[in-house]
Amino acid sequence: TEAVDTLLARGVYDIYSLTYPKIQEKAEEVRAKERKPDPRQWEFSWSVATGPFQGPFSSEQMQGWKDHGYFCAERPAFARQVAEDMFALEDAPALLAHTLDFTTTANPK
């Protein structure tokens, strides 16, 4: 199974003495250690013309709000990525928040 492959690939060989639920649990622990938090920060505004933009917020926070319907077509909000360079001359473009996937780096331009 995928869990067994995950553990074997990372050098965990005592899996044959474990029950299937324990294998799955151990594989998830290994995967969780390998996950790195998304360093991107976002800000949003209910009006791109008048602002103000609020934030910064993490990608996880923004995606959570989107998943719970906080950002939707009926109540448009605009989001933009916070510039990594504090001396950037221009802000990132503000996009409709309900169209973005905050968990991936590939988003509409």
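## The largest nonpolar core

A nonpolar core is a set of buried Ala, Val, Leu, Ile, Met, Phe, Trp, Tyr and Cys residues that are joined through side-chain atoms within 4.5 Å, and buried here means a relative accessible area under 20%. In this predicted model, the largest such core has 10 residues in all, namely W42, F44, F57, M62, F71, A77, A79, A97, L100 and F102. A second, separate core of eight residues includes V4, L7, V12 and V30. As a general background to both, nonpolar side chains tend to be buried together in soluble globular proteins.

One member of the largest core, F71, can be followed through its contacts. When its neighbours within four places in sequence are left aside, F71 is in contact with F44, W46, M62, W65, K66, A77, A97, H98 and F102.

## Overall architecture

The protein has three helices and four strands, and these elements follow the pattern α-α-β-β-α-β-β when read along the sequence. Of its 109 residues, 27% count as buried, while the surface that the protein exposes comes to about 7,600 Å², with carbon and sulfur atoms supplying 57% of that area. Among the contacts between residues at least 6 apart in sequence, 44% join residues that are at least 24 apart.

## Helix α1 and the loop that follows

Helix α1 spans residues 2-9, and within this helix A3, V4, T6 and L7 are buried. These residues cover an arc of only 160° around the axis, which puts them on the same side of α1. On the other side of α1, by contrast, E2, D5 and A9 are exposed. Just after α1, G11 takes a positive phi of about 80°.

Further along, I15 has its place in the loop between α1 and α2, the latter being residues 20-34. Is I15 buried or exposed? With a relative accessible area of 2%, I15 is buried, because buried is the term for anything under 20%. Apart from its neighbours within four places in sequence, I15 is in contact with V4, L7, L8 and I23. I15 and A3 are 12 residues apart in sequence, and their C-alpha atoms are 9.9 Å apart in space.

## Aromatic pairs

The structure holds 13 aromatic pairs. A pair of aromatic rings is described by the distance of the centres and the angle of the planes. For F44 and F57, the ring centres are 5.8 Å apart and the planes stand at 40°, so this pair is tilted. Because F44 lies in strand β1 (residues 41-45) and F57 in strand β2 (residues 54-58), the pair ties together parts that are 13 residues apart in sequence. Both F44 and F57 are buried.

F71 and F102 form another aromatic pair that is tilted, with 6.4 Å from centre to centre and 50° between the planes. F71 lies in the loop between α3 (59-67) and β3 (78-81), and F102 in the segment after β4 (95-96), so this pair ties together parts that are 31 residues apart in sequence. F71 is buried, and F102 is buried as well. Ring pairs link W42, F44, W46, F57, W65, Y70, F71 and F102 into a cluster. A ring also takes part in an arrangement of another kind, in which the charged end of R80 sits over the ring of F53, 3.6 Å from its centre.

## Helix α3 and its surroundings

In helix α3, S59, M62 and Q63 are buried. They cover an arc of only 95° around the axis, which puts them on the same side of α3. What covers the buried residues of α3? The cover includes strands β1, β2 and β3.

D67 also lies in helix α3, but D67 is exposed, with a relative accessible area of 56%. The C-alpha atoms of D67 and H98 are separated by 9.1 Å, although these residues are 31 residues apart along the chain.

## Backbone details

Most residues other than glycine have a negative phi, and most peptide bonds are trans. Just after α3, the glycine G69 takes a positive phi of about 85°. In addition, a cis peptide bond joins G55 and P56, with omega about 10°, and P56 is found in strand β2.

Technical notes. Residues are numbered from 1 along each chain as its sequence is written. This is a predicted model: local features need pLDDT of at least 70, side-chain atom pairs count only at pLDDT 80 or more; totals for chains, interfaces and linings use all residues. Side-chain values use heavy atoms; hydrogens and water are left out. Buried means under 20% relative accessible area, exposed over 50%, partly exposed in between (1.4 Å probe, protein chains only). Helices (H or I, at least four residues) and strands (E, at least two) are DSSP runs, numbered from the N terminus. The arc is that of the directions from the helix axis to the C-beta atoms. Contact means heavy atoms within 4.5 Å. Accessible areas come from the Shrake-Rupley method with a 1.4 Å probe; for residues, only the protein chains shown count as cover. Rings of Phe, Tyr and Trp (its six-membered ring) pair if their centres lie within 6.5 Å; planes under 30 degrees apart count as stacked, over 60 as edge-to-face and the rest as tilted. A charge sits over a ring if NZ of Lys or CZ of Arg is within 6 Å of the ring centre and within 35 degrees of the ring normal.
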